[in-house]
Amino acid sequence: MMETQSNFIVSSYFAPRGHARMYALGMQLAQQYLSPFDKLIGVIGDAGAGKSALIRGMFPNIELTNDDNGLYIRPLPLLDVDCDRGFFSPHSYHVDIRFETGFTQLTELADCILEAVKRNKRVIVEHFELVYPLLHMNADLLIGVGEEVVLARPNVFGPEPYEVRDIVYKSLPYRLKSHTAEDLCEMLLPEEDYMRCGHDDVRHGFVLTFPDYPPKVDLPQLQEKIHEYIKMDLPVTYVDEGHVRIGDMVHPCNGPRIHVSSTGQIGDLQLLYRFVHDKRKNRYLLVGCIGEKNLDYIRKMNPGQF
């Protein structure tokens, strides 16, 4: 195990949309990459990337200090690391640097992180890149969340936190745009097909999956309808943990925070004009791609179509 960890440098996974899939990915990553000797875990990613869900999956019993429901733990447990509570002293601490700097000096947070590590505690630090210059030490494990989840085990040659930051901050908009387009696509499907569809991932896009047989949908026409909603630039807002509102329509969604703020921000969208048959799982895939190079991705999936 230790030899495998020492040889590991960087891995990346699709960052799924939806809490259940993100929790499951977190559990998988913890089993594959987390070592009992990791004391400093650096998590990097912009707001809405799904960092909290991934952390909950990787560390099921961790007490997050910046709960998504607006419940913030005070005083911050990390600030009491000097208190000797013997057996009842926490083994792991969580801190959101961006949030906590509104209440505590960055230098004080850095000192508390170093003291906790010195006392053989584990500290999970969100927005690790902000405090890194004051720590003078890299994380044992770096986790970046954007369109992809990037994992790195730094050595003396890197990678540096800012390198992971640049990757995930740049890619996150594709994930937000893709998720909003995905929900628009679901909303425009016949109810029978929407109720049976699942989800998968593709770079700079989305995949809807349908078991056994494909929907009877005209894909060019479906794309045109999605384009109409994009041109209307409807507001996209969080309703609750199970729903998102697009314009006046409330839609079930298990990742309601992972969206752009209006449909106009989706930009260019291209659907693959055929359903891809996944023979191994006997399912049919509806594929959509986002961004300036969406036609390039589509052409690779279906040469000669365009």
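Trainee: Which residues are linked with D200 in a network of salt bridges?
Mentor: Keep in mind that this is a predicted model. Side chains of opposite charge can pair when their charged atoms come close. Here a network of salt bridges links D200 to D278 and R283.

Trainee: How many salt bridges does the structure hold?
Mentor: A salt bridge needs a side-chain nitrogen of Lys or Arg within 4 Å of a carboxyl oxygen of Asp or Glu. By that rule, the structure's total is 12.

Trainee: How many residues apart are E182 and R17, which link distant parts of the chain?
Mentor: The side chains of E182 and R17 form a salt bridge, with N to O at 3.2 Å. E182 sits in helix α7, while R17 is in the loop between β1 (10-14) and α2 (19-33). Along the chain, their separation is 165 residues.

Trainee: Is E182 buried or exposed?
Mentor: Buried means under 20% relative accessible area. The value for E182 is 2%. Its partner R17 has 5% and counts as buried. E182 is therefore buried.

Trainee: Which side chain meets R257 in a salt bridge?
Mentor: R257 lies in the loop between β11 and β12, and its partner in the loop between β9 (236-240) and β10 (243-246), so the pair ties together parts that are 16 residues apart in sequence. R257 is partly exposed at 33% relative accessible area. The N to O distance is 3.0 Å, and the partner is E241.

Trainee: What is the N to O distance in the salt bridge of D166 and R165?
Mentor: D166 is partly exposed, at 43% relative accessibility. R165 is partly exposed too, with a relative accessible area of 30%. Their side chains meet with N to O at 3.1 Å.

Trainee: D96 is buried yet has no salt bridge; how far away is the nearest side chain of opposite charge?
Mentor: D96 lies in strand β3 (residues 92-96). The nearest side chain of opposite charge belongs to K51. A salt bridge needs the atoms within 4 Å. K51 is 6.1 Å away.

Trainee: Which backbone nitrogen lies 3.1 Å from a polar atom of the D96 side chain?
Mentor: Look just along the chain from D96. The backbone nitrogen of F99 lies 3.2 Å from a polar atom of that side chain. The one at 3.1 Å belongs to R98.

Trainee: Which residues is D96 in contact with, leaving aside neighbours within four places in sequence?
Mentor: Contact means heavy atoms within 4.5 Å. With the sequence neighbours set aside, D96 is in contact with T65, N66, E126 and H127.

Trainee: Which residues have the most contacts inside the largest nonpolar core?
Mentor: That core has 54 residues. Apart from it lies another core of 25 residues, L40 and A116 among them. Inside the largest core, the residues with the most contacts are L54, I143, V149 and L286.

Trainee: How far apart are the C-alpha atoms of I266 and I290?
Mentor: I266 lies in the loop between β11 (249-252) and β12 (269-271). I266 counts as buried, because its relative accessibility is 1%. Beyond its sequence neighbours, I266 touches several residues, including L184, V260 and I290. I266 and I290 are 24 residues apart along the chain, yet their C-alpha atoms are separated by 7.4 Å.

Trainee: Is the peptide bond from G158 to P159 cis or trans?
Mentor: Most residues other than glycine have a negative phi, and most peptide bonds are trans. P159 is in the loop between β6 (148-152) and α7 (161-187). Omega from G158 to P159 is near 5°, and the bond is cis.

Trainee: Is the phi of H136 positive or negative?
Mentor: H136 sits in the loop between α6 (128-135) and β5 (141-145). H136 is exposed, with a relative accessible area of 73%. Its phi is near 60°, in a residue other than glycine. The sign is positive.

Trainee: What percentage of the protein chain's residues are buried?
Mentor: The chain has 306 residues. Its secondary structure comes to 10 helices and 14 strands. The buried share of the residues is 50%.

Key: Residues are numbered from 1 along each chain as its sequence is written. This is a predicted model: local features need pLDDT of at least 70, side-chain atom pairs count only at pLDDT 80 or more; totals for chains, interfaces and linings use all residues. Side-chain values use heavy atoms; hydrogens and water are left out. Helices (H or I, at least four residues) and strands (E, at least two) are DSSP runs, numbered from the N terminus. Buried means under 20% relative accessible area, exposed over 50%, partly exposed in between (1.4 Å probe, protein chains only). Lys and Arg count as positive and Asp and Glu as negative; His and the chain ends are not counted. A polar contact is a pair of N or O atoms within 3.5 Å; within protein, one must be able to donate a hydrogen and the other to accept it, and residues adjacent in sequence count only if both atoms are side-chain atoms. A nonpolar core is a set of buried Ala, Val, Leu, Ile, Met, Phe, Trp, Tyr and Cys residues joined through side-chain atoms within 4.5 Å.
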